[in-house]
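This report describes how the strands of one protein chain are arranged and how selected residues are placed among them. Please consult the sequence and the structure while reading.

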Amino acid sequence: MADHYVTRSGIGNGLTKVAVTMSGTSGELLPASATRQLVLVSSTKANGSAAIDPTGGTCALDSGIAIEGGDLIEIAGKAAQSAMTQIGTVGQKLTVYWG
C-alpha cells in the first residue's frame, strides 16, 4: 500500500496536531478559527465508523461526512475556519492537523 503525503504552502507557521477522543455522542472536533486555512482529519486503520460535521452542528453517523478507519479528510480555505464536530466509537481517536 502506498504512503500518503500532504504538502501545502502558505500555512504560516505550519500545522498543529491534536488527538480527539470520541465519546459515542456528538462532540467538538475543533472550535471556529478565523485564521485557520487547512484541517486534516485522520482516522487510524483500527477505528470503526466515525463522522465529522464541518459546519459545527450536531454530528450523527448517518448525516455527517463519513470517515472510516484509515481515511483522511482535507478541508481547506474558508470552510476550514468553521467550528467542527465529530462522532464515533467510545475511546477511539481522530488525529486532527490544522493551520
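The following paragraphs treat the sheets, then one loop residue, and finally the nonpolar core. The model is a predicted one.

**Two sheets**

In general, the strands of a sheet pair through backbone hydrogen bonds, in either a parallel or an antiparallel manner. One open sheet of this model consists of 4 strands in the order S2-S7-S4-S5, with antiparallel pairing. Strand S2 (27-30) and strand S5 (65-67) each have a single partner strand and stand at the edges, so one side of each lacks a neighbour in the sheet. On average, neighbouring strands here are turned by 35° against each other, direction ignored.

Another open sheet, also of 4 strands, follows the order S1-S8-S3-S6, and its pairing is antiparallel. Its edges are formed by strand S1 (16-21) and strand S6 (72-76); because each has a single partner strand, one side of each is left without a neighbour in the sheet. The average turn between neighbouring strands of this sheet is 20°, direction ignored.

The table lists one antiparallel strand pair from each sheet.

| Strand pair | Bridges | Residues facing each other |
|---|---|---|
| S4 (residues 50-53) and S5 | 3 bridges | Ile-52 and Ile-65 |
| S3 (residues 38-43) and S6 | 5 bridges | Leu-38 and Ala-76 |

**A loop residue: Gln-92**

Where does Gln-92 lie? Gln-92 belongs to the loop between strand S7 (84-88) and strand S8 (93-98). Its relative accessible area is 18%; this value is under the 20% cut-off, and therefore Gln-92 counts as buried. The side chain of Gln-92 reaches the backbone nitrogen of Gly-48 at 2.8 Å. When residues up to four places away in sequence are not counted, Gln-92 touches Val-20, Thr-21, Met-22, Ala-46, Asn-47 and Gly-48.

**The nonpolar core**

In soluble globular proteins, nonpolar side chains tend to be buried together. The largest nonpolar core of this model has 15 residues, of which Leu-29, Val-39, Val-41, Ile-52, Ile-75 and Leu-94 touch the most other members. The elements S2, S3, S4, S6 and S8 each give two or more residues to this core.

Which residues are in contact with Val-39, leaving aside its neighbours within four places in sequence? The contacts of Val-39 on this basis are Leu-30, Ile-73, Glu-74, Ile-75, Ala-80, Met-84, Val-96, Tyr-97 and Trp-98. Ile-75, a contact of Val-39, is itself among the core residues that touch the most other members.

How values were computed
Residues are numbered from 1 along each chain as its sequence is written. This is a predicted model: local features need pLDDT of at least 70, side-chain atom pairs count only at pLDDT 80 or more; totals for chains, interfaces and linings use all residues. Side-chain values use heavy atoms; hydrogens and water are left out. Two strands pair if DSSP finds at least two bridges between them. Axes are lines fitted to C-alpha atoms, for helices over the stretch in contact, and angles run from 0 to 180 degrees between N-to-C directions. Buried means under 20% relative accessible area, exposed over 50%, partly exposed in between (1.4 Å probe, protein chains only). A polar contact is a pair of N or O atoms within 3.5 Å; within protein, one must be able to donate a hydrogen and the other to accept it, and residues adjacent in sequence count only if both atoms are side-chain atoms. Contact means heavy atoms within 4.5 Å. A nonpolar core is a set of buried Ala, Val, Leu, Ile, Met, Phe, Trp, Tyr and Cys residues joined through side-chain atoms within 4.5 Å.
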